[in-house]
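Here is a quick tour of one chain, stop by stop. Keep the 3D view open while you read.

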Amino acid sequence: MSLDVVAMKRHLITWAKTYSGISESGRHIWAFQNSPQPSSPYVTLNITSGPTKIGNTDALMYNESNQTYDITGIRSFKVDINVFGSNAHNTATALSLSLERPEVQSFFRGVNITPYGSTPSVNNVTRFIDTIYEERSMFELTLSASYLIETSESFIGEVSAAGASEMEKGHGNKITIGGI
């Protein structure tokens, strides 16, 4: 299954709406939008990195139906979740702990992503702005996803003993290594 970032983002917003306890529409947004932030309480999500390859190598699989090679592997994403407003820490904790629930894990598997690692630790990052304290808590979520690159053509190299390589199309899954 290929990676669908748009579906992943939709699922993250739906998860935040369902488990944050903040049910009002428009209170779960992606950070850095070209529109004003809603009034408190609200949740922002921001993909800060990814897709990042996990491990050293991907798998190369021959696809017999179209005679191409598909590259598959695991990728990770980092997502920052910030909760603003009164009880921000409790709300962020509820979101973080919800990741342990089987129905939440099943929900994310629907778009081929899985929360990765241990339950995220929630940090209280309340700060003083002008004359008031802005109550805010946050945590970083790591997601893993399997990734598929479907190649359009099959390239197999023919290598001589001297180390020269010539790329050729259409040899299926035949590899010739000369002189060895």
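## Ground rules and an exposed loop residue

A residue counts as exposed when its relative accessible area is over 50%, as buried when it is under 20%, and as partly exposed in between. Keep in mind that this is a predicted model.

Try that scale on Asp 130: its relative accessible area is 69%, so it is exposed. You'll find Asp 130 in the loop between β7 (127-129) and β8 (132-134). Its backbone is worth a look too, with phi near 55 degrees, a positive value in a residue other than glycine.

## Another positive phi

Asn 87 is a second stop for backbone angles. Here phi is near 65 degrees, again positive in a residue that isn't glycine. Asn 87 is in the loop between β4 (68-84) and α2 (88-98). Is Asn 87 buried, exposed or partly exposed? Its relative accessibility is 48%, which falls between the two cut-offs, so Asn 87 counts as partly exposed.

## How α1 meets α3

Two packed helices are described by the angle between their axes and the distance between the axes. For helix α1 (residues 5-19) and helix α3 (residues 102-109), the angle is about 160 degrees and the axes are 10 Å apart. Angles over 145 degrees count as roughly antiparallel, so that is the label for α1 and α3. The crossing of α1 past α3 is right-handed.

Which residues make the contact? On the α1 side, they are His 11, Leu 12, Thr 14, Trp 15 and Tyr 19. On the α3 side, look for Glu 103, Val 104, Phe 107 and Phe 108. Sorted by class, the contact of α1 with α3 has six nonpolar residues, two polar ones and one charged one.

## Rings between the helices

How many aromatic pairs does the structure hold? There are four. In one of them, Trp 15 and Phe 108 have ring centres 5.9 Å apart and planes at 55 degrees. Planes under 30 degrees apart would be stacked and those over 60 edge-to-face, so this pair is tilted. The pair also ties together distant parts of the chain, with Trp 15 in helix α1 and Phe 108 in helix α3, 93 residues apart.

So, are these two partners buried or exposed? Trp 15 has a relative accessible area of 1%, so it is buried. Phe 108 comes in at 0% relative accessibility and counts as buried as well. Add Phe 107, and you have one aromatic cluster made of Trp 15, Phe 107 and Phe 108.

## A buried serine in β9

Next, head over to strand β9 (residues 136-150), where you'll find Ser 144. At 12%, its relative accessible area is under the 20% cut-off, so Ser 144 is buried.

What does Ser 144 touch, leaving aside its neighbours within four places in sequence? Its contacts are Ile 54, Ile 74, Arg 75, Ser 76, Asn 112, Ile 113, Thr 114 and Tyr 116.

## Two cis bonds before proline

Last stop: the peptide bonds. Ser 40 and Pro 41 are joined by a cis peptide bond, with omega about 0 degrees. Pro 41 is in the loop between β1 (28-30) and β2 (42-53).

The bond from Gly 50 to Pro 51 is cis too, and its omega is near 5 degrees. Pro 51 itself is found in strand β2.

How values were computed
Residues are numbered from 1 along each chain as its sequence is written. This is a predicted model: local features need pLDDT of at least 70, side-chain atom pairs count only at pLDDT 80 or more; totals for chains, interfaces and linings use all residues. Side-chain values use heavy atoms; hydrogens and water are left out. Axes are lines fitted to C-alpha atoms, for helices over the stretch in contact, and angles run from 0 to 180 degrees between N-to-C directions. Helices (H or I, at least four residues) and strands (E, at least two) are DSSP runs, numbered from the N terminus. Angles under 35 degrees count as roughly parallel, over 145 as roughly antiparallel, 65 to 115 as roughly perpendicular and the rest as oblique. A crossing is left-handed if the near helix is turned anticlockwise from the far one by less than a right angle, and right-handed if clockwise. Contact means heavy atoms within 4.5 Å. Ala, Val, Leu, Ile, Met, Phe, Trp, Tyr, Cys and Pro count as nonpolar, Asp, Glu, Lys and Arg as charged, and the others, Gly among them, as polar. Buried means under 20% relative accessible area, exposed over 50%, partly exposed in between (1.4 Å probe, protein chains only). Rings of Phe, Tyr and Trp (its six-membered ring) pair if their centres lie within 6.5 Å; planes under 30 degrees apart count as stacked, over 60 as edge-to-face and the rest as tilted.
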